[in-house]
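Reader: I'd like to practise reading strands and odd backbone spots in a model. Could you walk me through a few?

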Amino acid sequence: MGEFSAPGYSFARSIQPVIGVPVGIIGCNWGGTPACAWMEASYLNDPPLSVFNKEYEEAVGAVDEEEMRRLSLEAWEYEDSYLHQVAWRAMMYGMNQQDQERWMAETADAPVLPLGPYHHYRPSGLYEMMLKELAPFSVKGVLWYQGESDAGHGEIYDKTFASLIRCWRDLWQDELPFLYVQLAPFGKWLGIGGEDYPVVRESQERVLKNVPGTGMISIMDLGMYEDIHPKRKKEVGERLALLARGLIYGEDILCESPEFTGGEREGNQIRLHFSHTGLKLHVNGKVINSLCVEQGGILIGVKDFKLDQDLLLNFETLSEEPVEIRFAKEGYCEVNLFNEADLPVKPFAAVVI
C-alpha cells in the first residue's frame, strides 16, 4: 500500500459503492517523469514535440558512451542504496524549507544520473518498458496526474498531452477517457520553483477544450508552498471519482469546477459569470484569495462582493479604461472560492471593457 497511488486508491474506493462492481486500478506510474517518456517514438518526430528528441540527442552526444554507462551505473547504485532510500522517504513525507536546504547540502556530492539510454526520463523509455506491456489489457479509462516535469516546455504541453492521449488510444485501439488533474499550487521545493506552473495549467485547460473524451479536476485549494507533493491526496481521488460519475457513468451531478465564462461592467461594479456553479458560489473567509484587479496597470481594491451563480465585485470608482482581472494565476495560491459541490473555481484571466 505504501508504494501505491493514493489518489488511485481513493478514486476506486469512492466510485466502487456507486457503480456496484469491483474496481481495479493498475498503478503504471513513475513520479517526476516528463510526458515524452510515456509516448511511442513516432509521436515525437514532428515539431514542436521533436524538441524532446533534440534535447536527448544533445545530452547523449555530450558524453562518451563508456563514460555514460559508468556514470549511470554509479548513479543507480546510489539511488538503490538503503541510506538514500531512507533519506528520500523522509523528504517525500515532507520537510520545511530549512530542513530541505540542509538535506540538499548533505547530498550535494551525490552521483547524478545523466540523461541518456539508462535514464528513465528518456523519450519513449517508460512507454516501451512499462506502458506497452499492459496493452491491450482491458481498461475503462485513464487517471492522469503529471505535468510538473514539463514546466520547462509548458507552452507546448497542450500539444504534448494531446499527442500522448492519441498515442495511448491508438495503442489500446479504444477512445479511452482521460481524467486528469490540473497542477496543484506550489511555491518552492529542493530549489525548484512553481513560477512556470501557470503556463502548464493554461495548456491543460486547452486540452480540456480541444480533446474529446477528457475531463479535468482542479486542486487549487490543496497545494503546499514548501512541498511539490501536496499531502491531501484523498480529495484528489474523490474529485476524480465525482468527475467519472458525471462524465463517464452519466450521473446528473455537479462534478466539474466552476469555469469563468464572461463578464460585464455595471457602473462601479463588475459582474463575472461562471459555469458549473450549482445553486451558488461560496467563499471560505471574508475575502477572495488570489483575485487581482487592475486598471491601467494599477492595482485597484475590491470594496465588497456578492455571490450567487455570479460574482459581483463592487469598487469605490472605476475609470473608463478596460479592467484586467486575474484569478489564481500565481505559481502558489490558496483558492477559497467554491461551487455548491465544494469544487474550487479554476484559474482565469480576463479583460472587461
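Reader: Let's begin with strand β12 (residues 310-314): how many of its residues are buried?

Author: Keep in mind that this is a predicted model. For β12, five of its five residues are buried, so the strand is mostly covered, taking buried as under 20% relative accessible area.

Reader: And how do I read the faces of a strand like β12?

Author: Here's the general idea: in a regular strand the side chains alternate between the two faces of the sheet. In this case Asp310, Leu312 and Asn314 sit on one side of β12, with Leu311 and Leu313 on the other. Both faces are covered, and those residues are all buried.

Reader: Which way do β7 and β12 run relative to one another, parallel or antiparallel?

Author: For partners, look at the bridges. Strand β7 (residues 269-275) and β12 run antiparallel, and five bridges join them. If you want a pair to click on, take Gln269, whose bridge partner in β12 is Asn314.

Reader: How many bridges join β11 to β12?

Author: Four, and β11 (residues 304-307) and β12 are antiparallel too. Leu307 has Leu311 as its bridge partner in β12. Now follow the chain from one strand to the other: β11 and β12 form a hairpin, with two residues between them.

Reader: On to the backbone. Which residue has a positive phi of about 70° although it is not a glycine?

Author: For this feature, check phi and residue type together. That's Ser124, with its positive phi of about 70°. You'll find Ser124 in the loop between α5 (97-106) and α6 (125-129).

Reader: Is Ser124 buried or exposed?

Author: Ser124 counts as buried because its relative accessible area is 8%, and the cut-off is under 20%.

Reader: What is Ser124 in contact with, leaving aside its neighbours within four places in sequence?

Author: Ser124 contacts Cys36, Ala37, Met39, Glu40, Ala41 and Leu44.

Reader: What about Ser290: where is it found?

Author: Ser290 is in the loop between β8 (282-283) and β9 (291-295). Ser290 has a positive phi of about 60°, again without being a glycine. With 17% relative accessibility, Ser290 counts as buried.

Reader: One last backbone item: which peptide bond is cis, with omega near 0°?

Author: Omega is the angle to check here. The cis bond runs from Pro47 to Pro48. As for its setting, Pro48 lies in the loop between α1 (6-19) and α2 (50-61).

Methods:
Residues are numbered from 1 along each chain as its sequence is written. This is a predicted model: local features need pLDDT of at least 70, side-chain atom pairs count only at pLDDT 80 or more; totals for chains, interfaces and linings use all residues. Side-chain values use heavy atoms; hydrogens and water are left out. Buried means under 20% relative accessible area, exposed over 50%, partly exposed in between (1.4 Å probe, protein chains only). Contact means heavy atoms within 4.5 Å. Two strands pair if DSSP finds at least two bridges between them.
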